[in-house]
Amino acid sequence: ADKSCLSPSGATKEIVVPASITTVGEQAFAYNAGLQRITFQGDPVTLPSKAFYGDTALSTIVFRGGGPAYASDTFSGVPNTAQVFYQKGTTLHSGAAWPATYDGRSTYVLPEFGVAGLRAGQVSRKSKRVYFFPTVGTNANGTAYLMVYAKVKQSGRTYTKLMCSGMVAMTADSAANMQCSSAAARTLVRKGKTKFYARLTFVQSGSGFTTAPITKTVTIKRKR
């Protein structure tokens, strides 16, 4: 039988299997108690016996290609609470649609989240706040979160200061306009600070899956 390709020390917490790998050997990811997440970028035909044997911390399994067939003991030792995510538009390798569970573990559409644009409200002598308006889109149900911050220098050191934050509930295959405003940002603009950063993430309903943060930069023209 094939041996695990990982160290049994549990040091490996996340693995990304490239699309070029389409065959997985027996016990390929076994005996790694620290493994928490694995992503298959390609389309392996089968996950063999004991591929994840003893991976007691594995909580997230992502298939960006089709869903491979599996043996009765492929996920032996993996918690039943582990979640399986699949790319929208894919099927199982057999051609069947993705079921609600995959070897007894709940399946979810892999959340995709994007930011179409980011703009800031105009600043004038009379305005008291700066408004930030990103437009976001997703393929899943969940909540989008926005944080706007600035990098500020003080006493020779640079630190990050939160300007404002916001959130919006979203439904699958939808877009939404977000907004937050900040009096502190207006003060910084009047002092000559014009560059701000928006950090956006999306949390899927049901699974709690959080997308990688997207950071956008917005530059505000100072009004005179």
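Colleague: Let's start with one residue: is Gln-27 buried or exposed?

Modeller: A word on the basis: this is a predicted model, in which local features need pLDDT of at least 70 and side-chain atom pairs count only at pLDDT 80 or more, while totals for chains, interfaces and linings use all residues. Residues are numbered from 1 along each chain as its sequence is written, and side-chain values use heavy atoms, with hydrogens and water left out. Buried means under 20% relative accessible area, exposed over 50%, and partly exposed in between (1.4 Å probe, protein chains only). Gln-27 has a relative accessible area of 11%, so the answer is buried.

Colleague: And where does Gln-27 sit among the strands?

Modeller: Strands are DSSP runs of E of at least two residues, helices are runs of H or I of at least four, and both are numbered from the N terminus. Gln-27 belongs to the loop between strand 1 (14–17) and strand 2 (37–40).

Colleague: What is the phi of Gln-27 near?

Modeller: Most residues other than glycine have a negative phi. Gln-27 is not a glycine, yet its phi is positive, near 60 degrees.

Colleague: Tyr-31 has a positive phi too; what is its relative accessible area?

Modeller: Tyr-31 lies in the loop between strand 1 and strand 2, and its phi is about 60 degrees although it is not a glycine. Tyr-31 counts as partly exposed because its relative accessible area is 40%.

Colleague: Which residue is 9.0 Å from Ala-28, C-alpha to C-alpha?

Modeller: Ala-28 is in the loop between strand 1 and strand 2, and it counts as buried because its relative accessibility is 9%. The residue asked for is 25 places away in sequence from Ala-28, and it is Tyr-53.

Colleague: Stepping back, what radius of gyration does the protein have?

Modeller: The radius of gyration is taken over C-alpha atoms, and the globule rule is 2.2 Å times the number of residues to the power 0.38. The C-alpha trace spans about 75 × 40 × 30 Å along its principal axes. For 224 residues a compact globule would come near 17 Å, but this protein has 23 Å.

Colleague: How many strands does the protein have?

Modeller: Of the 224 residues, 42% count as buried. The secondary structure holds one helix, and the strands number 16.

Colleague: How far apart are the centres of the positive and negative side chains?

Modeller: Lys and Arg count as positive and Asp and Glu as negative, with His and the chain ends not counted. Each charge is placed at NZ of Lys, CZ of Arg, CG of Asp or CD of Glu. There are 27 positive and 9 negative side chains, and the centres of the two sets are separated by 36 Å.

Colleague: Which strand gives the most residues to the largest nonpolar core?

Modeller: A nonpolar core is a set of buried Ala, Val, Leu, Ile, Met, Phe, Trp, Tyr and Cys residues joined through side-chain atoms within 4.5 Å. The largest has 26 residues, and Phe-132, Val-136, Val-148, Phe-196 and Leu-200 touch the most other members. Elements giving two or more residues to this core include strand 10 (130–138), strand 12 (157–170), helix 1 (183–190) and strand 15 (195–204). The one that gives the most, with five residues, is strand 11.

Colleague: How many residues are in the other core, the one with Trp-98?

Modeller: This core lies apart from the largest one. Its members include Val-24, Leu-58 and Tyr-102 besides Trp-98, and the count is 22 residues.

Colleague: Which phenylalanines does Thr-60 contact, leaving aside neighbours within four places in sequence?

Modeller: Contact means heavy atoms within 4.5 Å. Thr-60 is in strand 4 (residues 60–63), and it counts as buried because its relative accessible area is 13%. Its partners include Gln-36, Arg-37, Ile-38 and Gln-83, along with Phe-85 and Phe-209.

Colleague: Last one: what separates the C-alpha atoms of Gly-117 and Lys-216?

Modeller: Gly-117 lies in strand 9, whereas Lys-216 lies in strand 16 (residues 214–219). Among the residues that Lys-216 touches are Val-115 and Leu-118, while Leu-92 is 36 Å from Lys-216, C-alpha to C-alpha. Gly-117 and Lys-216 are 99 residues apart along the chain, and their C-alpha atoms are separated by 8.5 Å.
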